[in-house]
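Biologist: I should like to go through the terms used for this model and see how each is justified. Please set each value against its definition.

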Amino acid sequence: MNAILECKNLTKRYGSFTALDDVSFSIEPGRIFGLLGPNGSGKTTLIKLASGLLTPTGGELLVDGKHPGTETKAVVSYLPDRCYFGSWMTVRGCLDYFQDFYADFDRPRAEDMLEKLGVQPQIRLNALSKGSREKVQLVLVMARRAKLYLLDEPIGGVDPAARDYILNTIISNYSEESSIIISTHLIYDVEKILDAYVFVNAGRIVEQGMCDTVRQETGKSLDEHFREVFRCYENR
């Protein structure tokens, strides 16, 4: 089975600062994958490289066998770590925007999810709570029929109830032919839906593997294992 995302010795530098250093891993279709590490570890840089917003300094990144570009943007659905819609926009305007830009956007599906949330299409984003704005943006992203979903800190800064909704939306709105990358430092909240993971720190891969293997071999949750691994790094 061909990887939907493949990183080969991927490196990204900003001047003298190295954000990613010789990163290699791959993700097969049908996986929910955790890109896990503390703030500033290089997670957002990797997500932006995969979405085509940045270009590598070295190494290679392939999405569905291709370098990021016009073709890959058509199969990647990207949720940034902050809202990119103008606060003056209405929910209907956001739906129109996605319908205009993405051929794979399933508007009826998005409208159904928003109706279940009780979000009216005529309401402006600045009239919604932060958690509701996060939900609206996630609904739009997950309503695309994409091959790869890139979710950068999708549960950061929202209350536990909103987190549960967001995670349920993620697992109920993707097909087994696609994959999802969730970038976060909140491992406890997301580990129940993850299949595989990579731990990153200071731009380098610390560890990667399958979540069930960690539980079986260590008898610990992924969150406990993460804390143990990164405690070792803190003590160096």
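Modeller: Let us begin with Glu-111, which is partly exposed, because its relative accessible area is 35% and the term covers what lies between buried (under 20% relative accessible area) and exposed (over 50%), with a 1.4 Å probe and protein chains only. This is a predicted model, in which local features need pLDDT of at least 70 and side-chain atom pairs count only at pLDDT 80 or more, while totals for chains, interfaces and linings use all residues. Residues are numbered from 1 along each chain as its sequence is written, and side-chain values use heavy atoms, with hydrogens and water left out.

Biologist: Why does Arg-107 count as buried?

Modeller: Arg-107 has 14% relative accessibility and therefore counts as buried.

Biologist: What makes the contact of Glu-111 and Arg-107 a salt bridge?

Modeller: A salt bridge is a side-chain nitrogen of Lys or Arg within 4 Å of a carboxyl oxygen of Asp or Glu. For Glu-111 and Arg-107 the N to O distance is 3.0 Å, so the pair meets the definition. Both residues lie in helix 4, four residues apart, about one turn of the helix; helices here are DSSP runs of H or I with at least four residues, strands are runs of E with at least two, and both are numbered from the N terminus. Asp-96 joins Arg-107 and Glu-111 in a network of salt bridges.

Biologist: Which parts does the salt bridge of Asp-189 and Arg-163 tie together?

Modeller: The closest N and O atoms of Asp-189 and Arg-163 are 3.3 Å apart. Asp-189 lies in helix 7 (residues 187-190) and Arg-163 in helix 6, so the bridge ties together parts that are 26 residues apart in sequence. Arg-163 counts as buried because its relative accessibility is 18%.

Biologist: How do you know that Lys-43 forms a salt bridge with Glu-153?

Modeller: Their closest N and O atoms are 3.9 Å apart, so the cut-off is met. Lys-43 is in helix 1 and Glu-153 in the loop between strand 6 and helix 6, 110 residues apart. Glu-153 is called buried because its relative accessible area is 14%. Glu-153 also has a positive phi of about 50° although it is not a glycine. Most residues other than glycine have a negative phi.

Biologist: Why is Arg-109 said to have no salt bridge?

Modeller: Arg-109, in helix 4 (residues 107-117), is buried, and the nearest side chain of opposite charge, that of Asp-106, is 4.9 Å away. Lys and Arg count as positive and Asp and Glu as negative, whereas His and the chain ends are not counted. The distance therefore fails the salt-bridge criterion.

Biologist: How do you know that Cys-7 and Cys-211 are not bonded to each other?

Modeller: A disulfide is a pair of cysteine sulfur atoms within 2.5 Å. The sulfur of Cys-211 is 17 Å from the closest cysteine sulfur, in Cys-7, and is therefore too far for a bond. The structure holds zero disulfides. Cys-7 counts as buried because its relative accessibility is 3%, and Cys-211 counts as buried because its relative accessibility is 1%.

Biologist: What makes strand 5 and strand 9 edge strands?

Modeller: Six strands form an open, mixed sheet in the order 5-6-7-3-8-9. Strand 5 (76-79) and strand 9 (204-210) each have a single partner strand, so one side of each is left without a neighbour in the sheet. Strands pair if DSSP finds at least two bridges between them; strand 5 and strand 6 (residues 148-152), which run parallel, are joined by four.
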